[in-house]
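Q: Please take a close look at one strand in this structure and explain how it sits among its neighbours. After that, I would like to hear about any unusual backbone spots elsewhere in the chain.

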Amino acid sequence: MKLIYEKSQAGRRASVIPRPEGLPAADVPEELRRAEPPRLPEVPEFELVRHFTELSTRNFGIDNGFYPLGSCTMKYNPRVNERLVMLPGFAQLHPHQEEDGAQGALELEWRLQEILMEVTGLDAVSLQPAAGSQGELTGLMLVRAYFEDQGESEQRRKVVIPDTAHGTNPASVTMAGYELTPVRTDARGNIDVEDLRGKVDEHTAALMLTNPSTLGLFDENIEEIKEIFHGAGALMYYDGANLNAVCGISRPGDMGFDIVHINLHKTFSQPHGGGGPGGGPIAVRKILEPYLPVPAVVHKEDGTFALDYARPKSIGKVRGFTGPFGVFVRSYAYIRMYGPLLREMSETAVLNANYVLARLKDAYDLPFDRLCMHEFVLSARSLKRDHGATALDVAKRLMDYGFHPPTVYFPLIVPEALMIEPTETETKETLDAFCDAMLAIAQEAADDVTLLKEAPHDRPVRRLDEVRAAKNPVVKYGFEPAPVA
Ligand SMILES: *Cc1c(COP(=O)(O)O)cnc(C)c1O
């Protein structure tokens, strides 16, 4: 397919706006004018529309297929979300609008905060962080602010993270200036409590834990873990990026966690992963509320809503204004559609994951054979040993069957990992079609492994050189790639 620049012909225009009579010429100072006009493609409107429509059909998204991308919670984004976010009172609101002209927007933010407090079982929320990873960093800044207040910030330098953690966890710990203390996973897929005991002491600032973990397993020793950390005077941070398994069923606050971030773009629907912005609010226990970012969205006694900057212990701002507002509207709409039945969202997500797991666990290896939560991790270890087919080959072949591949090679502790998260929105027919494809691929590996090795066969782009793409990304047209070192 040609680039839009290659379709360009000098003088062609999408539209020419008639110039009203008597309109003075734009008064641009000489020194600010370009010698040459910018090199833009010149095409008629229909060429433009055809070009980008054609490109869009080569893409894969949640709107044209099943997307079981583990840990990413790629659920369908209901269209009503988009209608609501386009309401002029939301879409045309200026971020500098005075409070009395933005009461509806502030009320929506306040209500979302209240819902997130209820869902997490904690006492205060800041909607400001723009992503899960930024929520993590913000949460760790709160940990630091808290221990500074206690006079213990010099002493408490370590943050404990299990080896199943999402990559953003160790990155956030390092960025926040803490030292990493890794802890092992035991044979059942829980944190290894014996390993943990030896690693938590008066130098520990916090635990960062995802529960259910990235293995899709709920930690069976969470109460004991809580005793260990709170007993050592440390705080507990809950990575709630995928709250999809537990909404309305169990609450991080009740498990003993002091700080939680929630990925609105995952759990509460939002085009994401290249398709839109995210939101990573944090919820905290009362003792941490004074340090939350400003401004706080508050409900005043006179019934109005306002922005409160008078928080002397606040860590300050982590993002512009009050956060990614469009994300709040969509998430609020999604939550309100379930109303008091939000629990059904999680129950269906867990049911769907267990259904797919039950159908696939004989054809692939299952490293931790337990009831799963919102997702589960299989391994292509035996396919590799017996037929030379890797997790990557399985993922690529799935594309030929019309499915987005699952997450592969993560978590790192599972060799040839295939991490599958169906979410609650899919029908049984779709889940069955996906399982049929996975089973067919396992059979193909035995019969004719080249089918997998050379996949995808039926997609606009065939197998890419992943090493070269990672080491030498060429993202600019007309750029001569350097040879891979
Ligand atoms: C997605 C995810 C994150 C990071 O969230 P971003 O919004 O992508 O920054 C952190 N932890 C877990 C477990 C996740 O799945």
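A: Start with one pair of residues: Leu 378 is placed opposite Leu 418, a residue of strand S12. The model is a predicted one. Leu 378 falls within strand S10, residues 376-379, and this strand pairs with S12 in the antiparallel sense over four bridges.

Leu 418 also has a partner in another strand, since Val 408 stands opposite this residue of S12. Strand S11, residues 407-408, pairs with S12 over two bridges, in the antiparallel sense. S12 is thus paired with both S10 and S11.

Now consider the side chains of S12 itself. In a regular strand, side chains alternate between the two faces of the sheet. Strand S12 covers residues 417-420, with Ala 417 and Met 419 on one side. Leu 418 and Ile 420 are on the other side. All four of these residues are buried, and both faces of the strand are covered. The domain assignment puts residues 344-471 in domain 3.

Next come the backbone spots. Most residues other than glycine have a negative phi, and most peptide bonds are trans. Two peptide bonds here are cis. One runs from Asn 211 to Pro 212, with omega near 5 degrees. Pro 212 lies in the loop that follows strand S4 (204-209) and precedes helix H8 (222-231). The other joins Ala 455 and Pro 456, with omega about 0 degrees. Pro 456 belongs to the loop between helix H16 (450-453) and helix H17 (466-471).

Positive phi values also occur. Ser 71 is not a glycine, yet its phi is positive, at about 75 degrees. Ser 71 sits in the loop between H1 and helix H2 (79-85). Ser 71 counts as buried because its relative accessibility is 4%, and the cut-off for buried is under 20%. Phe 321, likewise a residue other than glycine, has a positive phi near 55 degrees. The loop between strand S9 (305-308) and helix H11 (325-338) holds Phe 321. With a relative accessible area of 40%, Phe 321 is partly exposed.

One surface feature remains. Met 1, Leu 48, Phe 52 and Leu 55 make up a nonpolar patch on the surface, and together they have about 350 Å² of accessible area. Met 1 is in the segment before helix H1 (45-57), and its relative accessible area of 47% makes Met 1 partly exposed. Domain 1 spans residues 1-58 and domain 2 spans 81-340. The centres of these two domains, taken over C-alpha atoms, are 44 Å apart.

Methods: Residues are numbered from 1 along each chain as its sequence is written. This is a predicted model: local features need pLDDT of at least 70, side-chain atom pairs count only at pLDDT 80 or more; totals for chains, interfaces and linings use all residues. Side-chain values use heavy atoms; hydrogens and water are left out. Domain bounds come from an automatic or database domain assignment. Patches are made of residues with over 30% relative accessible area and no salt bridge: like charges are joined within 9 Å, nonpolar side chains (Val, Leu, Ile, Met, Phe, Trp, Tyr) within 5 Å. Accessible areas come from the Shrake-Rupley method with a 1.4 Å probe; for residues, only the protein chains shown count as cover. A salt bridge is a side-chain nitrogen of Lys or Arg within 4 Å of a carboxyl oxygen of Asp or Glu. Buried means under 20% relative accessible area, exposed over 50%, partly exposed in between (1.4 Å probe, protein chains only). Two strands pair if DSSP finds at least two bridges between them.
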